[in-house]
Amino acid sequence: MTIAGKIKTGFLVAVAMMFASTTQAQETNTAENYDQGFRLGVGLNAGYSTNDPYKLALGADVRGQYDLSKRYSLTLTTGYTNLFVSKADGKDLGLIPAKAGFKAFVWNDQFYLMGEAGAAFAVSNVDNTRDKTSLLLSPSIGYATKYIDVSLNYTHYNHLDRLNNNGTLGRGVGQVGVRLAYGFQL
């Protein structure tokens, strides 16, 4: 299975799990009286690119979250990500992602699955990319408390150039990363 196929399969599994509901033997009425509201989170990201010529990925982001219920939230995320390359391979690539997502808490109201989709806008080393804008998809799994949010994610930039193993130019760059964020209610 190709990397793109694995990404699509993983994304579909994450979306399917978000919409799956669980029942408990003794459910309380606290979910019915849950106050909907906004949260804001500021995070740092570190990761590793799965495709050459890119290596390390570092970034920061701001995420707005609207809680639909105790278990489900909508998100909007933006920030800055820098994909580093070795000096022999060229220049680093800076991106500004803009993503919308859906977050579902699946266990103890702290462990969650989230899927995001959006665009990444190249802002540095633009001459090295064929397209200045790329579709991005990003499934993640994480743990959140009242103030801290830690997640493991995979981000796929659909329109970025990569080097294939045989030296030819291909499309699509993946990145595996960790996000550590501080969040609070607005």
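**Pocket lining and salt bridges**

Trainee: How many charged residues does the lining of the second largest pocket have?

Mentor: First off, this is a predicted model: local features need pLDDT of at least 70, side-chain atom pairs count only at pLDDT 80 or more, and totals for chains, interfaces and linings use all residues. A pocket here is an open set of points on a 1 Å grid where a 1.4 Å probe fits, with protein on both sides within 12 Å along at least five of seven lines, and lining residues have an atom within 4 Å of a point. Asp, Glu, Lys and Arg count as charged, while Ala, Val, Leu, Ile, Met, Phe, Trp, Tyr, Cys and Pro are nonpolar and the others, Gly among them, are polar. Sorted that way, the lining has eight nonpolar and eight polar residues, and the charged ones number nine.

Trainee: Which residues lie nearest the centre of that pocket?

Mentor: Residues are numbered from 1 along each chain as its sequence is written, and side-chain values use heavy atoms, with hydrogens and water left out. Out of 25 lining residues, the ones nearest the centre are Arg39, Gln65, Asp67, Phe105 and Thr145.

Trainee: And which strand gives the largest share of the lining?

Mentor: Strands are DSSP runs of E, at least two residues, numbered from the N terminus. Strands 1, 2, 4, 7 and 8 each give two or more residues to this lining. The largest share is five residues, and they come from strand 8.

Trainee: On to salt bridges. How far apart are the closest N and O atoms of Glu116 and Lys99?

Mentor: A salt bridge puts a side-chain nitrogen of Lys or Arg within 4 Å of a carboxyl oxygen of Asp or Glu, and the structure holds nine. Glu116 sits in strand 5 and Lys99 in strand 4, 17 residues apart along the chain. Their closest N and O atoms are separated by 3.3 Å.

Trainee: Why is Glu116 called buried?

Mentor: Buried means under 20% relative accessible area, exposed over 50%, and partly exposed in between (1.4 Å probe, protein chains only). Its partner Lys99 is also buried, at 13%. Glu116 counts as buried because its relative accessibility is 2%.

Trainee: What about Asp109: which residue does it pair with?

Mentor: Asp109 is partly exposed at 28%, and its partner is partly exposed at 24%. Asp109 lies in the loop between strands 4 and 5, and the partner lies 38 residues away in the loop between strands 2 and 3. At 3.8 Å between closest N and O atoms, the partner is Arg71.

Trainee: Which residues do shared salt bridges join into one network?

Mentor: Not every bridge needs a mention here, but this group does. Through shared partners, one network takes in Asp61, Lys103, Asp149 and Arg179.

Definitions and conventions:
Helix = DSSP H or I, 4+ residues; strand = E, 2+ residues; numbered from the N terminus.
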